[in-house]
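Hi,

Here is the structure I said I would pass on. Have a look at it first, and then read on for what turned up.

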Amino acid sequence: MGCSDSTIAPVEDDNSYSGSSSVQCQQVLTLSEALVLYTADGSLRGINPQKSEIELRTLLDYPIALQYLTNAVRSLSIDKEKFLPCWMDIRLYCTAKREDMKGHMAAMIYHKYASDKNIASVLIWKVVKDCIDSGSFSNDLFANVQDICFKGLHEVFMKFKGTDAFNEMGKALRRRYNRT
């Protein structure tokens with residue numbers, strides 16, 4: 001058994017299949033499923049996210065797509081080069097269960113990215129630092145920073161969608177995840 005031929009980005013209708021076999025399959029989400037999932041986990045915020053924002057958020061879960069997105073950021077907008085690793089580090093922080101791990105990761109994120117003024121303002125980082133110093137490690141600690149990173153990545157993504165590399169990425173994703 002294998003996966004159906006459908007796109008990797010969220011699809012408008014639900015024609016996805018996730019069978020159990022030795023072939024690697026990944027559930028393809030509809031736009032509405034992706035919106036619910038990523039809003040619930042806090043990785044997609046906003047009242048009415050655009051379709052392209054939901055597509056970008058979905059692609060951030062695919063290692064192959066991350067390679068293409070990293071290259072796109074480097075070639076299309078070098079000032080946003082740290083946005084993707086920062087966004088990913090914050091996602092990892094949000095999934096940490098233990099308080100001591102959250103504290104360690106929060107300090108790492110702060111020290112790794114606070115000096116980059118392209119990511120967030122000094123004021124935002126000061127609020128983050130105050131929370132870290134007080135031992136307050138909520139999942140929303142880096143919400144503003146993550147939103148800034150996502151918006152910057154979305155700007156790059158919109159440019160990237162018009163390139164041959166974007167089409168190559170789609171083919172690579174279909175080859176990897178939609179084999180029969």
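To get your bearings, start at one residue: where is Leu-29 found? Leu-29 sits in the segment before α1. Keep in mind as you browse that this is a predicted model. Is Leu-29 buried or exposed? Leu-29 is buried, because its relative accessible area is 18% and the cut-off for buried is under 20%. Leu-29 also has a partner from further along the chain: Thr-58 is 29 residues away in sequence, yet the two C-alpha atoms are 8.3 Å apart in space.

Now the overall picture. The protein chain has eight helices and zero strands, so reading from the N terminus you meet α-α-α-α-α-α-α-α. Of the 180 residues in the chain, 46% are buried. If you take the contacts with a separation of 6 or more, 59% of them join residues 24 or more positions apart.

Next, the inside. The largest nonpolar core has 50 residues, and Tyr-93, Ile-119, Trp-125 and Phe-142 have the most contacts inside it. Each of the helices α1 (31-40), α2, α3, α4, α5 (99-113), α6 (122-134), α7 and α8 (164-177) supplies at least two residues of this core. As a general point, nonpolar side chains tend to be buried together in soluble globular proteins. Phe-142 is a good one to click on: setting aside neighbours within four places in sequence, Phe-142 touches Ile-90, Tyr-93, Ala-106, Ile-109, Trp-125 and Val-128.

One helix pair is worth a look too. Helix α2 (residues 51-59) packs against helix α7 (residues 143-160) at an angle of about 100°, and their axes are 10 Å apart. That angle is why the two helices count as roughly perpendicular to each other, the range for that label being 65 to 115 degrees. From α2, the contact uses Ser-52, Glu-53, Glu-55, Leu-56, Arg-57 and Leu-59, while α7 brings Phe-150, Leu-153, His-154, Phe-157 and Met-158. Sorted by class, the α2 contact with α7 has six nonpolar, two polar and three charged residues.

While you are on α7, find Ile-148, which is in this helix. Ile-148 counts as partly exposed, at 27% relative accessibility. Apart from neighbours within four places in sequence, Ile-148 is in contact with Phe-83, Asn-118, Ile-119, Ala-120 and Ile-124. Ala-120 lies 28 residues from Ile-148 in sequence and 6.9 Å from it in space, C-alpha to C-alpha.

Then there is Ser-77, in the loop between α3 (63-76) and α4 (83-95). Ser-77 is buried, with a relative accessible area of 6%. Which side chain does the side chain of Ser-77 make a polar contact with? The partner is the side chain of Asp-79, at 2.7 Å. Beyond neighbours within four places in sequence, Ser-77 is in contact with Ala-72 and Val-156.

Last stop, Glu-168 in helix α8. Glu-168 is partly exposed, with a relative accessible area of 46%. In sequence, Glu-168 and Tyr-68 are 100 residues apart, but their C-alpha atoms are 8.8 Å apart in space.

Cheers

How values were computed:
Residues numbered from 1 in each chain as written. Predicted model: local features only at pLDDT ≥ 70, side-chain atom pairs only at ≥ 80, totals over all residues. Heavy atoms only, no water. Helix = DSSP H or I, 4+ residues; strand = E, 2+ residues; numbered from the N terminus. Buried < 20%, exposed > 50% of the residue type's maximum accessible area, 1.4 Å probe, protein only. Polar contact = N/O pair within 3.5 Å; in protein donor to acceptor, adjacent residues only side chain to side chain. Contact = heavy atoms within 4.5 Å. Axes fitted to C-alpha atoms, helices over the stretch in contact; angles between N-to-C directions. Parallel < 35°, antiparallel > 145°, perpendicular 65-115°, else oblique. Nonpolar A, V, L, I, M, F, W, Y, C, P; charged D, E, K, R; others polar. Core = buried A, V, L, I, M, F, W, Y, C linked by side-chain atoms within 4.5 Å.
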